[in-house]
Amino acid sequence: MELTENLQTENRKLRERLSRLSQASQRINESLDFETVLQGVVDSARTVTDAKYCVVTLPDDRGEIQEFLVSGMTPDWVGQMRSFPEAAPLHEYLRGFEEPLRLRDLYSHVEALGLPVVKPPGSAAATISFLSAPIRHRGESVGHFFLAGKVSGPEFTSEDEETLAMFASQAALVISNARRYTDLQRALADREAVVNTAPVGVAVVDAVSGEPVSFNREAVRIMEGLLRAEPRSEDFLDVVTIRRADGREVSLKELSIARAMSEGETVRAEEVVFEVPDGRNVKALMNATPIRAEDGRVTSFVVTLQDTAPMDELENMRAEFLAKVSHDLRAPLAAIKGSATTALSDTFPFRQAEMVQFLRIINEQADRMASLINDLLDVARIETGTLVVNPMPTLVTAMLDQARNTVMSGWDRDNIHLDLAPGLPPVMADPGRIVQVLVNLLTNAAKNSPDASPIRVEAAQDGDKVAISVTDRGRGVSPEQMPHLFRKSSRRGQDSDHENDAGGGWGLSICKGIVEAHGGRISADSEGPGKGTRFTFTIPVAEEAEAIVSADSRSAVVGAGMVGADRTGPRYSSSTMIPRRCGAFARPCRGPATFPS
């Protein structure tokens, strides 16, 4: 009879334990959210073992604590536990057990080992029971359970140990799945963010219905001009027609793009036109790739669209640039042709002075054409990364004097004022090229300011560079025009009468390329139209760039007498080629280089 009662009691306890374990397992499997799963695990571990306190720690790949979760503790105690330096060695000791550890009294065990005792705040208990178990998944450590204080008895039992071990194996699987799910969600979110921020429109189209399944932001932006709103599939199919490169016009309602390519056609960089009945249209480069099921059947298409408007704008800029070049070359050519035709005419006899005047016109206009061609070549070399500069230690005052004298003689102005900081160091510069920059900026200032208005040139050391600025009180630049100022053609549609350079639409872009080839930067500042403009560029001081100077040129500092009057300048033994992105000094050229004549 007693044996039967004992068996019944054990069975009842076993059923209760299995019931608690089943309920705990069900609870931790209700969600795949990592934080929710972890909190469910720590709460359930305390429930199935009837513990007062429970801590779960999860290490990262380096073995350091990544997650620290608690149950049954006050927030104050949790904060103190995290800040206790004494807890670290105790935790390292307890984590070292690969099997469950059950102690009648944790405090005495820790003291015997010479480790510091960590007690709950305000606790006067002399003893506390303890139970721990590793959380392992496929032989790898996932974390640890640490439980303390048996609620219904003086200590944890062997049944509690077995229950915790069984629960730990289930918790390990749930934690692993939740972590994998979280990693997958993060990867999907990252992929979605990449697709949504891509500069190319991406759409997924169903192969059966032809309806768009999804659009990214760029696809919506491309199509919003046609639909005036975010495209819905029914609107898209009803009103949009696609005209393909071979001339086929496809109504998306009657014959969807997916059905038109239902045989699995892959489209590569085909220029198509999307149209609506009122004539509005959008041009785009289209790529389409079929997505197939395991049986080879096409289920959907991934369609990418690249808006061709920026490319069309670039082509318009090129055409505008060529038109500007043709116009600027035509004027001196017409003067040369007119003077030569008149001088060769037999209609009127010309005196020697008149013939000299004709020849002077021809000579001046030929120089003008040569200057325009040189500028055009500079633009091409800057864009192709083949512009050559020859940096060497040079005095800033020499280059400023050279540039000021050139502009004052050509423009008949005496209002260019120099304001130089004392003790300017030599700079690492190509004298001819920097003089070219200064002449362009000074000429730009002279053309856009009244004759009597002063032009101020300032130079001062700024760290390891020297900053040179040219300021005028002329027309100024509007805020809308400022971002386009250093482009090849910066007067497109606005400020069209603001001649910003001496080279016919590309002088400032040449300045930018030359300055950046020296490792400097150029910028512009204006308070608005009618309030003048300030251009500032920097050049490295010679001491900061000695590594690229040859031994023979390092010993000499260029003075005013060594700066050539024309832009070709002397040939130097050290040369540097501008990289395609106009950065700092690039690799040296092979042998000496000359500038276009």
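Two strands count as paired in these views when DSSP finds at least two bridges between them. Keep in mind as you browse that the model is predicted.

**View 1. A hairpin joins strand 17 to strand 18.** Strand 17 (455-462) and strand 18 (465-472) run antiparallel and are joined by seven bridges. Look for glutamine 461, whose bridge partner in strand 18 is valine 466. Two residues sit between the strands of this hairpin, and glycine 463 in the turn has a positive phi of about 70 degrees.

**View 2. Strand 18 meets strand 20.** On to the pairing with strand 20 (residues 533-540): eight bridges connect strand 18 to strand 20, and the two run antiparallel. Here lysine 465 stands opposite proline 540 of strand 20. Is strand 18 largely enclosed or not, and why? Of its eight residues, six are buried, so strand 18 is largely enclosed by the rest of the structure.

**View 3. Both hairpin strands belong to an open, mixed sheet.** The five strands of this sheet follow the order 15-17-18-20-19, and their pairing is mixed. Strand 15 (416-420) and strand 19 (522-525) are the edges, each pairing on one side only. From one strand to the next, the twist averages 15 degrees. Helix 13 (residues 431-447) packs on the sheet, where it touches strands 15, 17, 18 and 20; its direction makes about 175 degrees with that of strand 20. At the strand 19 edge, four bridges pair strand 19 with strand 20 in the antiparallel sense, and serine 523 stands opposite threonine 536 of strand 20.

**View 4. Helix 13 contributes to the largest nonpolar core.** This core has 44 residues, and those with the most contacts inside it are Val396, Ile434, Leu438, Leu441, Leu442, Ile468 and Phe537. Helix 13 supplies nine residues, the largest share. Which residues does phenylalanine 537 contact, leaving aside its neighbours within four places in sequence? Among them are Ile434, Val437, Leu438 and Leu441, together with Val466, Ala467 and Ile468. Another core, of 26 residues, lies apart from this one and includes Leu131, Phe145, Phe156 and Leu164.

**View 5. A second open sheet is antiparallel.** Its five strands are arranged in the order 2-1-5-4-3, with antiparallel pairing. The edges are strand 2 (65-71) and strand 3 (101-103), each of which pairs on one side only. The twist from one strand to the next averages 15 degrees. Within this sheet, strand 1 (residues 51-59) and strand 5 (residues 140-150) run antiparallel, with six bridges joining them. If you would like a landmark, try valine 55, whose bridge partner in strand 5 is phenylalanine 146. Helix 6 (residues 158-197) lies across strands 1, 2, 3, 4 and 5, and runs at about 35 degrees to strand 4 (130-137).

**View 6. Glutamate 218 sits in helix 7.** This helix covers residues 217-227. Is glutamate 218 buried or exposed? With a relative accessible area of 14%, glutamate 218 falls under the 20% cut-off, so it is buried. Its side chain makes a polar contact of 2.7 Å with the side chain of arginine 221. Not counting residues up to four places away in sequence, glutamate 218 touches Ala198, Pro199, Val200, Gly201 and Asp307. The C-alpha atom of threonine 304, 86 residues apart along the chain, is separated from that of glutamate 218 by 9.8 Å.

Conventions. Residues numbered from 1 in each chain as written. Predicted model: local features only at pLDDT ≥ 70, side-chain atom pairs only at ≥ 80, totals over all residues. Heavy atoms only, no water. Axes fitted to C-alpha atoms, helices over the stretch in contact; angles between N-to-C directions. Contact = heavy atoms within 4.5 Å. Buried < 20%, exposed > 50% of the residue type's maximum accessible area, 1.4 Å probe, protein only. Polar contact = N/O pair within 3.5 Å; in protein donor to acceptor, adjacent residues only side chain to side chain. Core = buried A, V, L, I, M, F, W, Y, C linked by side-chain atoms within 4.5 Å.
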